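Please look over the following protein with its confidence, its strands and its pockets in mind. The paragraphs after it move from the whole chain to single residues.

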Amino acid sequence: MVFPNRVKIAYGKMRGWAVFGKIQPTLGLLPRIRGKVYLNRSGELQVGKRLNIIGKPWGTQLTVVKGARLTIGDDVLINAGVGIAANIEVVIGNNVMIGPRTSIFDSAYHRIDSLDDGSEMAQRITIQDNAWIGTGALILPGVTIGKNAVVAAGSTVTKDVPDNTLVAGAPAKVIRELTIHDGWIRR
């Protein structure tokens, strides 16, 4: 496919920042970015097809430290004001929606007390396919959010969230199970 010069230039600049899946670049598969997105990357960032990032009215920040990995699947929506920080690894599956002002950090960054040796300060976070993370949620280190799960707005997720459940609160607790038919994708 032949790109107009402006698209070639934009793609050339972005190509150094992220790996856009294993795709040939076409306009329909490239990320759609609106507003301010701050990318602090010295680690590995891999982005799937049709990533949609909204960076207005609040900027969105993606941080991947040296030696860490942030993997974002296909058809993911990251809303305004979201902060994602990977110190070890954050994996976001396909068809995931992340609401405004959500924070996803795989590290506590500081030891709690003098007995804490810091060995478990950073732990992998996994958000599985078709999950929905509501506005203002906080996802803490070591958490796996299950397939088709919903994290209600303002929730603090400190433990794993089972597949097909709605969780809410601080700390988040299962509110109810969800009925999800095979192949259904949340939009």
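Over which residues does pLDDT stay under 50? This is a predicted model, in which local features need pLDDT of at least 70 and side-chain atom pairs count only at pLDDT 80 or more, while totals for chains, interfaces and linings use all residues. Residues are numbered from 1 along each chain as its sequence is written, and side-chain values use heavy atoms, with hydrogens and water left out. The stretch in question is residues 1-24, pLDDT being the predictor's confidence in each residue, from 0 to 100; for this stretch the model has 29 contacts beyond four places in sequence, a contact meaning heavy atoms within 4.5 Å. For the protein, the mean pLDDT is 87, and 83% of the residues reach 70 or more.

The protein has 1 helix and 18 strands, taken as DSSP runs (H or I of at least four residues for helices, E of at least two for strands) and numbered from the N terminus. Of its 187 residues, 41% are buried, that is, under 20% relative accessible area, with exposed meaning over 50% and partly exposed in between (1.4 Å probe, protein chains only). Among contacts between residues at least 6 apart in sequence, 30% join residues at least 24 apart.

One residue to look at is N79, which is found in the loop between β6 (77-78) and β7 (83-86). With a relative accessible area of 18%, N79 is buried, and, leaving aside residues up to four places away in sequence, N79 touches I54, T60, I98, G99 and P100.

Further along the chain, strand β17 (residues 165-168) runs parallel to strand β15 (residues 150-151), and 2 bridges join them; two strands are said to pair if DSSP finds at least two bridges between them. β17 also pairs with strand β18 (residues 173-177), here in the antiparallel sense over 4 bridges. L166 in β17 stands opposite V150, and L166 also stands opposite R176 in β18. The hairpin of β17 and β18 has 4 residues between the strands, and in this hairpin G169 takes a positive phi near 105°.

Last comes a pocket. The lining of the second largest pocket includes N94, N95, D129, K147, H181 and W184, and by class this lining has 3 nonpolar, 6 polar and 3 charged residues. The space in the second largest pocket is about 160 Å³.

Conventions. 1 Å grid on protein atoms, 1.4 Å probe; cavity = no way out; pocket = protein on both sides within 12 Å on 5 of 7 lines; lining within 4 Å. Points joined across faces, edges and corners; volume = space filled by probe spheres on them. Nonpolar A, V, L, I, M, F, W, Y, C, P; charged D, E, K, R; others polar.
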